[in-house]
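Work through the exercises below with the model open. Each task is followed by its solution.

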Amino acid sequence: MEEEPMVIVVGAGPSGLAMAACLHHRSIPYIILDREDCTASLWRKYSYDRLHLHLVKQFCALPHLPFPDSYPTYVSKNLFLNYFDDYTSRFNITPLFRRRVESAEFDEATSNKWIVKARNLDSGEVEEFAARFLAVASGETCDPYTPEIEGLKTFPGEVLHSTQYKNGKAFKDQNVLVVGAGNSGMEISLDLANHGAKTSIVIRSPIHILSKWMIYWGVKLVKYIPFNIVDRGVAIVSRLYYGDLTKYGIRRPEKGPFFIKAVYGRFPVLDLGTCSKIKSGEIQVLPGISSIRGNEVEFNNGKTHPFDSIIFCTGFKRTTKLWLKGDDYLLNEDGFSKQSPPTHWKGKNGLYCVGLSRRGLFGAATEAQSIADDIHNLLSN
């Protein structure tokens with residue numbers, strides 16, 4: 001007979017796997033639910049071919065299993081998937097797949113447990129699960145977001161979200177517009193240009209562009225030098241290295257890159273070669289879109305350009321609040337933790353969140369360990 005679960009984990013991406021491994025390590029029985037048919041579905045099914053981890057591997061390993069020494073400093077998508085497979089095998093993680101959570105509510109009246117109702121996407125039936133603790137690990141990158149733009153439905157060409165893009169082979173010689181200048185948008189633009197597409201990218205807001213070595217040394221130095229000095233120093237080095245980018249349509253924020261990451265959760269752009277292609281004119285920078293009429297896209301500067309395809313690299317929304325009932329303490333309306341460190345992962349009535357504090361893989365790993373320790377201590381009392 002299976003042991004009754006003490007914890008329900010929602011999500012089998014990196015955060016959910018980290019949570020499961022930490023509970024396993026503490027010998028705490030759990031179940032893990034995921035709406036997809038595999039672990040780490042964003043990496044496995046919804047990411048582009050050339051994707052690599054943007055931080056050195058030491059900052060991206062999940063708890064209790066470092067990356068193999070044979071892995072390169074910046075781990076590729078395929079190697080990361082191999083690591084996930086080793087991880088699930090090592091810690092005997094067996095998610096219940098194709099379970100879409102429809103509600104989760106704490107039953108204070110009778111059982112003092114979390115009651116989670118999930119639809120089995122194979123049978124169509126709603127299944128009910130109960131446990132004393134609930135860990136929300138459904139991820140920051142939960143549901144692809146495409147903004148509403150006047151006339152988008154009249155566009156006759158291909159319209160993709162970044163989660164649907166694999167590589168630029170099919171776009172050779174096309175006029176392609178990339179909307180969004182985060183890391184995905186900048187790297188997909190580079191990939192398109194490398195494959196011979198006539199590439200343009202919409203950059204509306206100020207962004208910090210940093211190289212791998214700037215980020216590496218910034219993260220190293222912040223351990224020994226005050227945060228604000230490192231932040232300011234990295235911004236100055238970037239300005240010196242890349243020069244004045246305003247003539248290419250790129251503005252820099254007033255605050256430093258690490259400050260913006262810490263306060264707003266926005267990563268600086270890791271430059272993998274996009275910047276030089278912008279400077280050479282191979283990639284054109286355009287302002288925000290005002291409207292679309294057929295294949296003509298009008299921009300906020302009044303100019304119009306024709307395109308064959310549009311790729312939206314406009315991020316994600318989280319739908320946690322649609323199914324998580326009765327929580328007005330832990331998560332905000334956008335599905336991120338609204339509590340302050342160091343216990344930003346802990347809610348009320350045994351509710352936890354892992355990987356929802358905009359701190360990346362490293363944050364999710366440390367949160368998973370803290371949550372497992374907290375549950376262990378509560379069960380020991």
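**Exercise 1. Place Val-176 and describe the sheet around strand β17.**

Step 1. Val-176 stands opposite Ser-309 in β17. Before going on, note that the model is predicted: local features need pLDDT of at least 70, side-chain atom pairs count only at pLDDT 80 or more, and totals for chains, interfaces and linings use all residues. Residues are numbered from 1 along each chain as its sequence is written, and side-chain values use heavy atoms, with hydrogens and water left out.

Step 2. Strand β9 (residues 175-179) and strand β17 (residues 309-312) run parallel and are joined by four bridges. Strands (E, at least two residues) and helices (H or I, at least four) are DSSP runs, numbered from the N terminus. Two strands pair if DSSP finds at least two bridges between them.

Step 3. Extend to the whole sheet. Five strands form an open sheet in the order β8-β17-β9-β10-β13, with parallel pairing. β8 and β13 (283-286) are the edge strands, each with a single partner, so one side of each lacks a neighbour in the sheet. From one strand to the next, the twist averages 20°.

Step 4. Add the helix. Helix α4 (residues 183-194) packs on this sheet and touches β9, β10 (198-202), β13 and β17. The direction of α4 makes about 170° with that of β10. Contact means heavy atoms within 4.5 Å. Axes are lines fitted to C-alpha atoms, for helices over the stretch in contact, and angles run from 0 to 180 degrees between N-to-C directions.

**Exercise 2. Analyse the sheet that holds β3, β4 and β5.**

Step 1. The order is β3-β4-β5, in an open sheet with antiparallel pairing. β3 and β5 stand at the edges with a single partner strand each, so one side of each has no neighbour in the sheet.

Step 2. Strand β4 (residues 113-120) is joined to β5 by six bridges. Val-116 has Phe-129 in β5 as its bridge partner.

Step 3. Look for a side-chain link. Glu-127 forms a salt bridge with Arg-99, with the closest N and O atoms 2.8 Å apart. A salt bridge is a side-chain nitrogen of Lys or Arg within 4 Å of a carboxyl oxygen of Asp or Glu. Glu-127 lies in strand β5 (residues 126-131) and Arg-99 in strand β3 (residues 99-107), 28 residues apart. Both Glu-127 and Arg-99 are buried. Buried means under 20% relative accessible area, exposed over 50%, partly exposed in between (1.4 Å probe, protein chains only).

**Exercise 3. How do the axes of helix α6 and helix α7 cross?**

Step 1. The axes of α6 (residues 227-242) and α7 (residues 257-264) come within 7 Å and cross at roughly 125°.

Step 2. That makes α6 oblique to α7. The cut-offs: under 35 degrees is roughly parallel, over 145 roughly antiparallel, 65 to 115 roughly perpendicular, and the rest oblique.

Step 3. Name the contact residues. From α6 come Phe-227, Val-230, Asp-231, Val-234 and Ala-235; from α7 come Pro-257, Phe-258, Phe-259 and Ala-262.

**Exercise 4. Where does Cys-22 lie, and is Cys-22 buried or exposed?**

Step 1. Cys-22 lies in helix α1 (residues 14-25). Cys-22 is buried, at 2% relative accessibility.

Step 2. Find its distant neighbours. Beyond four places in sequence, the contacts of Cys-22 are Pro-63, His-64, Ala-368, Gln-369 and Ala-372. Cys-22 and Ala-372 are 350 residues apart in sequence, yet 5.8 Å apart in space, C-alpha to C-alpha.
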